[in-house]
Amino acid sequence: VHASFVDAMGESAAEGRGRPGDASNAGAELRRWSTRWPDGAGFARYLAELHGESRADTPRPPGRVPYTTWWWTDGSTYLGRIEVRHRLTPALRQHGGHIGYDVRPSARRRGHATAMLRAVLPHAAALGIERALLTCDVANEASRRTIEANGGRLEDERSGSLRYWITLEAPRSSTA
Ligand SMILES: CC(C)(COP(=O)(O)OP(=O)(O)OC[C@H]1O[C@@H](n2cnc3c(N)ncnc32)[C@H](O)[C@@H]1OP(=O)(O)O)[C@@H](O)C(=O)NCCC(=O)NCCS
């Protein structure tokens with residue numbers, strides 16, 4: 001999905017992601033990688049870093065936790081991504097939570113975010129998460145609906161963020 005991923009990141013940039021002042025993870029990635037993604041070696045390097053982020057023993061700055069990213073694709077077409085942070089920090093408990101996602105602009109409103117979140121919940125449970133925290137801006141109706149369609153229960157609103165919990169089913173034991 002290399003070519004399609006590069007196109008999708010271009011769509012995100014056209015939407016304003018990655019501009020100065022965009023503090024999102026997706027924005028930071030765009031600023032750091034957009035000139036290197038089109039090149040095969042640069043893309044491979046990015047993927048290696050992404051894999052590293054999922055490992056507990058990868059060095060990371062204080063306050064950063066391991067996270068695993070899954071890409072949602074259709075054949076060789078990249079549609080979106082979803083990431084699960086393996087545990088919460090005090091900051092993530094306020095804003096950010098366990099799970100973040102985005103769908104490329106040209107593939108929105110087709111149910112991908114709802115399906116992607118549903119698909120990732122067993123993986124989050126397998127990481128040992130019993131209740132997943134998801135947060136979204138009060139004004140982000142699409143994200144709010146995505147979370148509610150997946151059983152999110154609203155706890156409260158903090159500084160413009162809605163905080164939802166999804167109770168996860170315990171992973172099936174491999175010996176059962
Ligand atoms: C939020 C986002 C992931 C939703 O992706 P999506 O694939 O379009 O979502 P879905 O098609 O699964 O739609 C989910 C629900 O939101 C509704 N929805 C989608 N876009 C909407 C919009 N722009 N305005 C209002 N409702 C919208 C859908 O109708 C659907 O509601 P329903 O289940 O009641 O019918 C996507 O808009 C996105 O990537 N936004 C930028 C990044 C972001 O905000 N990530 C979430 C951070 S918490």
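**Entry 1: the ligand shell**

I began with the ligand and found that helix α6 gives the most to the shell around it, with five residues. I note here that the model I am reading is a predicted one.

I then looked up the whole shell. The ligand is surrounded by 18 residues. R109, G111, T114, N140 and R145 are the closest. Sorted by class, I have six charged, seven polar and five nonpolar residues in this shell.

Next I took the polar contacts. The side chain of R145 places an N or O atom 2.6 Å from an oxygen atom of the ligand. V103 contributes through its backbone, where an N or O atom lies 2.9 Å from a ligand oxygen. For R110 I wrote down a polar backbone atom at 3.2 Å from an oxygen atom of the ligand. On its own the ligand has 930 Å² of accessible area, and the protein covers 71% of that.

Which elements give two or more residues to the shell? I listed β3 (99–103), α5 (112–126), β4 (131–137) and α6 (141–149).

**Entry 2: T146 in α6**

I stayed with α6 and picked T146, which is found in this helix. Is T146 buried or exposed? Its relative accessibility is 5%, so I count T146 as buried, the cut-off for that being under 20%. The T146 side chain reaches the backbone oxygen of A142, and the distance I noted is 2.7 Å.

**Entry 3: the sheet with β4**

I went on to β4, since it had come up in the shell list. Five of the seven β4 residues are buried, so the rest of the structure largely encloses this strand.

β4 belongs to an open sheet of three strands, and I read the order as β4-β6-β5 with antiparallel pairing. The edges are taken by β4 and β5 (153–158); each has a single partner strand, so one side of each has no neighbour in the sheet. On average, neighbouring strands here are turned by 25° against each other, direction ignored.

How many bridges join β4 to β6? I noted seven, between strands that run antiparallel, with β6 covering residues 161–167. Two facing positions went into the notebook: R131 stands opposite T167 in β6, and T135 stands opposite R163 in β6. As background I wrote that strands of a sheet pair through backbone hydrogen bonds, either parallel or antiparallel.

**Entry 4: the sheet with β3**

β3 was also on the shell list, and I looked up its sheet next. It is an open sheet of three strands in the order β1-β2-β3, and the pairing is antiparallel. Which strands stand at the edge? They are β1 (67–74) and β3, each of which pairs on one side only. The average turn between neighbouring strands of this sheet is 15°, direction ignored.

I checked the pairing of β1 with β2 (residues 77–85) and found eight bridges in the antiparallel sense. Within this pair, D74 stands opposite T77 in β2.

**Entry 5: G40**

Last I looked at G40, which is found in helix α3 (residues 40–53). Its relative accessibility is 43%, so G40 counts as partly exposed, a class that lies between 20% and 50%. I also took one distance from G40: its C-alpha atom is separated by 28 Å from that of R64, and the two residues are 24 apart along the chain.

Note on methods: Residues are numbered from 1 along each chain as its sequence is written. This is a predicted model: local features need pLDDT of at least 70, side-chain atom pairs count only at pLDDT 80 or more; totals for chains, interfaces and linings use all residues. Side-chain values use heavy atoms; hydrogens and water are left out. A residue is near a molecule or strand if one of its heavy atoms lies within 4 Å of it. A polar contact is a pair of N or O atoms within 3.5 Å; within protein, one must be able to donate a hydrogen and the other to accept it, and residues adjacent in sequence count only if both atoms are side-chain atoms. Accessible areas come from the Shrake-Rupley method with a 1.4 Å probe; for residues, only the protein chains shown count as cover. Helices (H or I, at least four residues) and strands (E, at least two) are DSSP runs, numbered from the N terminus. Ala, Val, Leu, Ile, Met, Phe, Trp, Tyr, Cys and Pro count as nonpolar, Asp, Glu, Lys and Arg as charged, and the others, Gly among them, as polar. Buried means under 20% relative accessible area, exposed over 50%, partly exposed in between (1.4 Å probe, protein chains only). Two strands pair if DSSP finds at least two bridges between them. Axes are lines fitted to C-alpha atoms, for helices over the stretch in contact, and angles run from 0 to 180 degrees between N-to-C directions.
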